[in-house]
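Okay, thanks for coming, everyone. Let me put the model up, and then we'll walk through it together.

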Amino acid sequence: MNLGFNQNINYGGEVYHVQTEDGGTRNPVITTLLFKGGVIIASKRTEYSDIIKSDKLDTVVKDIMRQQHTEMRDKLLSGGFAQVKKADGEKT
């Protein structure tokens, strides 16, 4: 099991948190979550059961984790979540 990535990002006057985790070989799923104010506003999951027997599993999983984490961060910073509503109903 690989250690995850956690990152706080300031964007548009708000603080967002991106978290990426590996479920390990018993649950071969990489999950990336985007939080705003403690609420999940986006998620992405990648299953990797098809490569579980790879000799380089740890390296491949870490690369997938890094890429998925980076994609979520880049989507946030490019305005990809601009239509997500605030808790009070206002659009961001």
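So, which residue in strand 2 does Asn6 stand opposite? It's Gln19. Strands here are DSSP runs of E, at least two residues, and helices are H or I runs of at least four, both numbered from the N terminus.

Quick caveats: this is a predicted model, where local features need pLDDT of at least 70 and side-chain atom pairs count only at 80 or more, while totals for chains, interfaces and linings use all residues. Residues are numbered from 1 along each chain as its sequence is written, and side-chain values use heavy atoms, with hydrogens and water left out.

Now the sheet. It's open, with 4 strands in the order 1-2-3-4 and antiparallel pairing; two strands pair if DSSP finds at least two bridges between them. Strand 1 (5-11) and strand 4 (39-47) are at the edges with a single partner strand each, so one side of each has no neighbour in the sheet. Strand 1 and strand 2 (residues 14-22) pair over 7 bridges, and strands 3 and 4 over 8. In that second pair, Ile30 has Thr46 as its bridge partner. Strands 3 and 4 form a hairpin with 2 residues between them, and Gly37 in the turn has a positive phi of about 60°.

One residue to look at: Thr32, in strand 3. Buried or exposed? Buried, at 0% relative accessible area; the cut-offs are under 20% for buried, over 50% for exposed, partly exposed in between, with a 1.4 Å probe and protein chains only.
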